[in-house]
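Student: Hi! Could we go through the side-chain contacts in this one together?
Tutor: Happy to, let's bring it up.

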Amino acid sequence: NSWTCPVEEGCTDPDVLRPAVEALRAAGIAQSFAAGNSGPQCGSAFLVPAIYEASFAVGATDLQDGLANFSARGPVLVDGSNRIKPDIVAPGVGVRSSQPSPPHLDSYTIFGGTSGASPHVAGAFALIWSALPHLAGRVDETEELLERSAVPLTSAIVCNGLSGSEVPNPLFGW
């Protein structure tokens, strides 16, 4: 999911989408949000709804599990929370995806971005809920499973006092 609410579209309140995200989560709907392509600076995770506590934000890695240069990094400063985001990372560089391009609607493209990473996590939710139907709709438990099973990636970078060598961290999340 790559929806956001940029200031240039009139969204000056960072809480504008919070009720919708929280309601979807409470309804048992998993949400995988692109963290944004505003890196490489620390504190560059500022897009709503990815910054919310209730959002599962996804950053991007390259093919060697290095953090993509463009991937937004935490902590979240825009709301003063200093919250660690992204929550997790997934492949977001050199992603092959379908692309409708007339006259043929069966073409593919290679692109990069956290919008290419978040579908990997949405797919993980779907696979987990298919294999373990008792978890379907239990967003908190499923996110915890994804966090515990993620390969921990670290960095020597420190962002606003939060170490990239700990897990979770403001670069890779879990």
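Tutor: We'll talk through the aromatic rings and then the disulfides.

Tutor: Keep in mind that this is a predicted model.

Student: Sure. How many aromatic pairs are there?

Tutor: The count comes to 2 aromatic pairs. In one of them, the ring centres of F56 and F125 are 5.9 Å apart with the planes at 80 degrees, so the pair is edge-to-face.

Student: And where do F56 and F125 lie?

Tutor: F56 is in strand β2 (residues 56–61), while F125 is in helix α2 (residues 114–131), so their pair ties together parts that are 69 residues apart in sequence.

Student: Are F56 and F125 buried or exposed?

Tutor: F56 is buried, and F125 is buried as well.

Student: What about F125 and W129, what kind of pair do they form?

Tutor: F125 and W129 are edge-to-face too, at 6.0 Å centre to centre and with 70 degrees between the planes. Both residues sit in helix α2, 4 residues apart, which is about one turn of the helix. F125 and W129 are both buried.

Student: Which residues end up in the ring cluster, then?

Tutor: Ring pairs link F56, F125 and W129 into a cluster.

Student: Nice. Switching to charges: what lies over the face of Y108?

Tutor: That would be R96, at 4.4 Å from the ring centre of Y108.

Student: Okay, new topic. How many disulfides does the structure hold?

Tutor: There are 2 disulfides. One is formed by C5 and C11, with the sulfur atoms 1.7 Å apart.

Student: Why is the disulfide of C5 and C11 left-handed or right-handed, whichever it is?

Tutor: The torsion about its S-S bond is about -55 degrees, so the disulfide of C5 and C11 is left-handed. Both cysteines, C5 and C11, are buried.

Student: And which cysteine is joined to C42?

Tutor: C42 is joined to C159 by a disulfide, S to S 2.0 Å. The link of C42 and C159 is left-handed, with -55 degrees about the S-S bond. This pair links distant parts of the chain, 117 residues apart: C42 is in the loop between β1 (32–34) and β2, and C159 is in strand β6 (residues 158–159).

Student: How accessible are C42 and C159?

Tutor: C42 is partly exposed, with a relative accessible area of 30%. C159 is buried, and its relative accessible area is 0%.

Student: Last one: what pattern do the disulfides follow along the chain?

Tutor: Counting bonded cysteines along the chain, the pattern is 1-2, 3-4.

Key
Residues numbered from 1 in each chain as written. Heavy atoms only, no water. Phe/Tyr/Trp six-rings, centres within 6.5 Å; stacked < 30°, edge-to-face > 60°. Helix = DSSP H or I, 4+ residues; strand = E, 2+ residues; numbered from the N terminus. Buried < 20%, exposed > 50% of the residue type's maximum accessible area, 1.4 Å probe, protein only. Lys NZ or Arg CZ within 6 Å of the ring centre and 35° of its normal. Disulfide = S-S within 2.5 Å.
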